[in-house]
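Please open the structure in your viewer and keep the selection tool at hand, since this tour moves from one group of residues to the next.

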Amino acid sequence: MDKQTRTMNKTGDVKFQYLAGIFANIVTISFGAYCGWPSSSFLELGSDASPLETGALSEQDQGNVASVISLGGLVGNVFFLWLADKIGRRRSLLLLAVPSLLGWIGIPLARNPTQLIAVRFIGGTAGGGCFGVIPIYTAELAEDSVRGILGTLLVLSCNLGVILAFVLGFYFNYATVAWIVSALSVVFVVCFWFMPETPQYLAQHHKLQEAEKALRYYRNIRSRASKELSEQLQLELHKLRAPEKAEEACADIDDTPVTWHDFANTKARKACFIGLGLVMANQACGCFAMLSYTALIFHMSGSSLPPAVCAIIVGVIQLVGSYVATLLVERAGRKLLLLISAVGICLSQVVMGCHSYVKVLGHDTNGFDWVPIAAFSFMLFIAAWGLLSLPFLVISEILPPKIRSTGNMLLMSLLWGLSVFMIKILPLMTAAWGMHGTVLLFACCSLCGAVFIAIFVPETKGKTIETILANL
């Protein structure tokens, strides 16, 4: 009974942290739907029955409409992270609803490829803000025991949005899907409006009373006196109330402008180096870029499934994989999941590459055409609970508070830039080296990522931010 009571009390202590994480990621679901929208919509827009004034959408225009979302993400990442430092994490997140809503409303109103590219760019800026600000927001409000779970909600929500777009696109036309999903932006504002700013941001700006009030809200201790609180919570409150008496604990509270000198100390250099390696591994493994080849891979394997059904299957695999991450991240730890994920991706790609190469050599593979489908599906599954989801969490945990926004902005900008590059260069690589050469190159990159993770990435599970930074 005592154990059950403690569990119930613990759940009560973190319930507002879970609510904040869930409400903040409603806008991420909307962005996930942006990512999944082209899959079924291009079948309609690229046909002779296209409602566009310019007629059917050409393959080049389809590529531009699909990839411009990453350029929007690059711009949105820089702008909203800059805004998060100026006006706060909460207000910056609320403003994400504006480009998210405008992007969806603009899709059914667009009458030519240029207008579609413009509204997709606007929607992409919201995604840049999501992947830039939300990891910082959750890292600053969450206690150590749930920080990992809240961090994985970002990719889980994005994958939920992807499959939402796939399913809606199976039943409705592209314009109806846009009108339906646009409601998510309104729901996000209504739900998230009542969440307070993060205690750490308020403390950095010397709003100590507001910081204490926010901390009490997120820890669900508003009605209890300090003497009734745990030692850890009393320490957190003490840091906020009397920073001048807790100089060591609050050494990182500094509201002076960020300069390049702030990146020169040992902690910042190591954190940025690890973040750079994780971003490179996230994109160089090729999983995100290969999603564009889903229908082709299924077709080459002899599958007779319609492209829309293939997309839904892939969406479900990613959703399940990212959900597994939420279950394991506080049990197995970040580093182990990242390492297993990178090795699993490498092995899956080796299998796919070898099958493709055997086919190029002219051997009969009719009895084994299910192999690349199984390997591709396993690759997406294991990538979703490691290399595609956890880098955002780890980066937000290891960056020192003063450079957290600026460092995250630089690393996420690199990620969005690499995303555009990989999507554009993938067709050129497959034309020059074949599918087998391209996939085997990705396997080598995944193996290098696994080695990097094993050597340099620290385990952050269950550790305070201060402990993580001290270990750097």
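On this tour a residue is called buried when its relative accessible area is under 20%, exposed when that area is over 50%, and partly exposed in between. Keep in mind throughout that the model is predicted.

Begin by selecting Arg334 and Glu330, whose side chains meet in a salt bridge with an N to O distance of 3.3 Å; Arg334 is buried, and Glu330 is buried as well. Now add Asp144, Arg147 and Glu397 to the selection, because salt bridges that share partners join these residues with Glu330 and Arg334 into one network. The structure as a whole holds nine salt bridges.

Select next Glu143 and Arg219, another salt-bridged pair, in which the closest N and O atoms are 3.8 Å apart. This pair links distant parts of the chain, 76 residues apart, with Glu143 in the loop between helix 6 and helix 7 and Arg219 in the loop between helix 10 and helix 11. Glu143 counts as buried at 13% relative accessibility, and Arg219 is buried at 3%.

Move on to Asp85 and Arg89, which form a salt bridge with their closest N and O atoms 3.0 Å apart. Here Asp85 is partly exposed, with a relative accessible area of 29%, whereas Arg89 is buried at 1%.

Finally, turn to the surface and select Leu71, Val75, Leu95, Val98, Leu102, Phe121 and Ile122, which make a nonpolar patch of about 540 Å². Helix 3, helix 5 and helix 6 are the elements that each give two or more residues to this patch. Val98, found in helix 5, counts as partly exposed because its relative accessibility is 44%.

Technical notes. Residues are numbered from 1 along each chain as its sequence is written. This is a predicted model: local features need pLDDT of at least 70, side-chain atom pairs count only at pLDDT 80 or more; totals for chains, interfaces and linings use all residues. Side-chain values use heavy atoms; hydrogens and water are left out. Patches are made of residues with over 30% relative accessible area and no salt bridge: like charges are joined within 9 Å, nonpolar side chains (Val, Leu, Ile, Met, Phe, Trp, Tyr) within 5 Å. Accessible areas come from the Shrake-Rupley method with a 1.4 Å probe; for residues, only the protein chains shown count as cover. A salt bridge is a side-chain nitrogen of Lys or Arg within 4 Å of a carboxyl oxygen of Asp or Glu. Helices (H or I, at least four residues) and strands (E, at least two) are DSSP runs, numbered from the N terminus. Buried means under 20% relative accessible area, exposed over 50%, partly exposed in between (1.4 Å probe, protein chains only).
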